[in-house]
Amino acid sequence: MNGRLEGRVALITGTGGGMGRAAALRFAEEGAVIVGCDLNLEANEETAAAVKAADGRMSAAAPVDLGDSAAARTWVEQAAEEHGGIDIVYNNASAARFGPVGTLPEEDWHFTVRNEVDLVFYVTQSAWPYLTQRGGVVINIASLAGHTASRAVPMLAHAATKGAILAMTRQLAAEGAPHGIRAVSISPGVIETPGTAGQFADPVVLDALRAQLLVPRPGLPKDVVGLAAFLASDEASYITGTDFVVDGGMSAI
């Protein structure tokens, strides 16, 4: 039995770990051909090995700095040339710096914009000519921070950039519709990844988190990528231009 993404070429950014690695494994399980990239060579190769060990197909490039427009374009063009086109663009990679508005260094603001907005634009723009040839899907990872403010964590830059991703997704859907391109975003809440595992190891932090959730646990990468696999498939062919919040009910209370 073929998977729901059988034979489709999926570009996934940030495949070195966390949600990017989980996405590569899940999309490969669904039959997609994975083209991944990351800044971390060793971690990215570990993901590729895991995909291949599960009888999936993945090529991995690293280090690739997607905040550099030329590097992003080269990665996308090489993927399209090698595989004869592109069907799915999964903009997962991001990096942010946090701080309150009054003291946030200008450097940290520009770092966050570069690594949470610019790289999505560069990858998507580079892939657009290939997507228009046969349609496809753009999946952007936004964040609950794009929807709600935080009293606990000063995240002005992160909130602004993820709000931009939400707006960008809607516009991509509008411009892509005549070409058979769908665009959607997913807004995770607090997800347990290698980058957040240390915080969750603190019982005080974990208890405070659980108090804000209807589902009494941190989210897992699989909670996000399972939805993404559905959104990338033909089962979601009537879904575009919208965002899906995956937050354990945090925003409901």
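This is a short presentation of a predicted model, going from its sheet to its salt bridges and a few local features.

Good morning, everyone. I will begin with the sheet. The model contains an open sheet of 7 strands, paired in parallel, in the order S3-S2-S1-S4-S5-S6-S7. The edges are formed by S3 and by strand S7, residues 243–246, each of which pairs on one side only. From one strand to the next, the twist averages 15°.

Let us look at strand S1, which spans residues 9–13. How many of its residues are buried? The count is 5 of 5, so the strand is mostly covered in the sense of having under 20% relative accessible area at these positions. The cover applies to both faces: Val 9, Leu 11 and Thr 13 are buried on one side, and Ala 10 and Ile 12 are buried on the other.

Which strands pair with S1? One is S2, residues 33–37, in the parallel sense and over 5 bridges. Within that pairing, Ala 10 has Ile 34 as its bridge partner, and Leu 11 stands opposite Val 35. The other pairing I would show is with S4, again parallel, over 3 bridges; here Ile 12 stands opposite Tyr 90.

The connection from S1 to S2 passes through H1. Returning to the 5 bridges between S1 and S2, the chain makes a β-α-β crossover by way of that helix, and the crossover is right-handed.

Now to the helices that lie against the sheet. H2 lies across S2 and S3, and its direction runs at about 170° to that of S3. Helix H8, residues 221–232, also packs on the sheet, where it touches S4, S5, S6 and S7. The direction of H8 makes about 165° with that of S6, the strand of residues 181–188.

I turn next to the salt bridges. The structure holds 11 of them, and I have selected three pairs and one network.

The first pair on my list is Arg 21 with Glu 46, whose side chains meet at 3.4 Å, N to O. Arg 21 belongs to helix H1, residues 18–29, and Glu 46 to helix H2, residues 41–53, so this salt bridge ties together parts that are 25 residues apart in sequence. Arg 21 is partly exposed because its relative accessibility is 24%. Glu 46, at 41%, is likewise counted as partly exposed.

The next pair is Arg 97 and Glu 107, with the closest N and O atoms 3.5 Å apart. Arg 97 sits in the loop between strand S4 (88–91) and helix H4 (106–134), whereas Glu 107 is in H4 itself, so the parts tied together are 10 residues apart in sequence. How exposed are the two partners? Arg 97 is partly exposed, with a relative accessible area of 28%, while Glu 107 is exposed, with 58%.

The third pair is Asp 223 with Arg 217, the closest N and O atoms being 3.0 Å apart. Asp 223 is partly exposed at 26%, and Arg 217 is partly exposed at 35%. There is also a network: Arg 4, Arg 26, Glu 30 and Glu 235 are joined by salt bridges that share partners.

Let me move to Ser 143. This residue lies in the loop between strand S5 (136–141) and helix H5 (156–176). Is Ser 143 buried or exposed? Its relative accessibility is 10%, so it counts as buried. A polar atom of the Ser 143 side chain lies 3.0 Å from the backbone nitrogen of Ala 145. Beyond its neighbours within four places in sequence, Ser 143 is in contact with His 158, Lys 162, Ile 186, Ser 187 and Pro 188.

Finally, two points of backbone geometry. Most residues other than glycine have a negative phi, and most peptide bonds are trans. Against that background, Asp 55 has a positive phi of about 65° although it is not a glycine. Asp 55 is in the loop between H2 and S3, and it counts as exposed because its relative accessible area is 74%.

Where is the cis peptide bond that I wish to show? It joins Ala 62 and Pro 63, with omega about -5°. Pro 63 lies in the loop between strand S3 (57–61) and helix H3 (69–83).

That concludes my presentation. Thank you.

Definitions and conventions:
Residues numbered from 1 in each chain as written. Predicted model: local features only at pLDDT ≥ 70, side-chain atom pairs only at ≥ 80, totals over all residues. Heavy atoms only, no water. Helix = DSSP H or I, 4+ residues; strand = E, 2+ residues; numbered from the N terminus. Buried < 20%, exposed > 50% of the residue type's maximum accessible area, 1.4 Å probe, protein only. Polar contact = N/O pair within 3.5 Å; in protein donor to acceptor, adjacent residues only side chain to side chain. Contact = heavy atoms within 4.5 Å. Salt bridge = Lys/Arg side-chain N within 4 Å of Asp/Glu carboxyl O. Pairing = 2+ DSSP bridges. Right-handed = clockwise from strand over helix to strand, strands pointing away. Axes fitted to C-alpha atoms, helices over the stretch in contact; angles between N-to-C directions.
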